[in-house]
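User: I'm new to this one and keep tripping over the labels people use. Could you walk me through where they come from?

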Amino acid sequence: MAQNAPPQRGPSKLTVKGRDMRLRTIGFIVLAGLAIWFIAVNTGSVSIRLWIPTVTLPLWVVLTVTLLVGIVLGIYIARRRAVRRRAGR
């Protein structure tokens with residue numbers, strides 16, 4: 001008996017200026033642009049308490065460091081998941 005399996009589809013794509021781009025890539029570019037804009041417009045100084053010392057820094061520095069730490073942690077977690085998936089197969 002023949003089984004009717006749905007056709008295999010790749011990731012969703014969109015054509016931009018003659019190039020195929022994944023929707024995930026476009027979403028990442030939009031989010032990165034919004035994050036950069038948000039950091040750029042927040043230029044005031046803030047006081048941050050780091051356990052004992054209190055540090056006064058421009059808010060854009062704090063937001064940039066937070067963004068970079070989030071990116072590093074996201075990459076680390078994504079790689080761990082990929083390794084676990086490969087090992088589980």
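Analyst: Sure, let's start with a patch. Val 30, Leu 31, Leu 34, Trp 37, Phe 38 and Val 41 make up a nonpolar patch on the surface, together offering about 630 Å² of accessible area. Bear in mind that this is a predicted model, where local features need pLDDT of at least 70 and side-chain atom pairs count only at pLDDT 80 or more, while totals for chains, interfaces and linings use all residues. Residues are numbered from 1 along each chain as its sequence is written, and side-chain values use heavy atoms, with hydrogens and water left out.

User: What makes a nonpolar patch on the surface?

Analyst: Patches take residues with over 30% relative accessible area and no salt bridge, joining like charges within 9 Å and nonpolar side chains (Val, Leu, Ile, Met, Phe, Trp, Tyr) within 5 Å. A salt bridge here is a side-chain nitrogen of Lys or Arg within 4 Å of a carboxyl oxygen of Asp or Glu. The areas come from the Shrake-Rupley method with a 1.4 Å probe, and for residues only the protein chains shown count as cover.

User: Why is Leu 34 called partly exposed?

Analyst: Buried means under 20% relative accessible area, exposed over 50%, and partly exposed in between (1.4 Å probe, protein chains only). Leu 34 has 48%, so Leu 34 is partly exposed. Leu 34 sits in helix α1 (residues 23-41); helices (H or I, at least four residues) and strands (E, at least two) are DSSP runs, numbered from the N terminus.

User: How do you know which way α1 runs relative to α2?

Analyst: α1 and helix α2 (residues 59-88) pack at about 155°, with axes 8 Å apart. That angle makes α1 roughly antiparallel to α2, as angles under 35 degrees count as roughly parallel, over 145 as roughly antiparallel, 65 to 115 as roughly perpendicular and the rest as oblique. Axes are lines fitted to C-alpha atoms, for helices over the stretch in contact, and angles run from 0 to 180 degrees between N-to-C directions.

User: What about Trp 51, buried or exposed?

Analyst: Trp 51 has a relative accessible area of 78%, so Trp 51 is exposed. Trp 51 is in the loop between β3 (45-49) and β4 (54-58), and its phi is near 55°, a positive value in a residue other than glycine.

User: And why do Ser 47 and Leu 59 get the labels they have?

Analyst: Ser 47, in strand β3, reaches 55%, so Ser 47 counts as exposed. Leu 59, in helix α2, has 23%, so Leu 59 counts as partly exposed.
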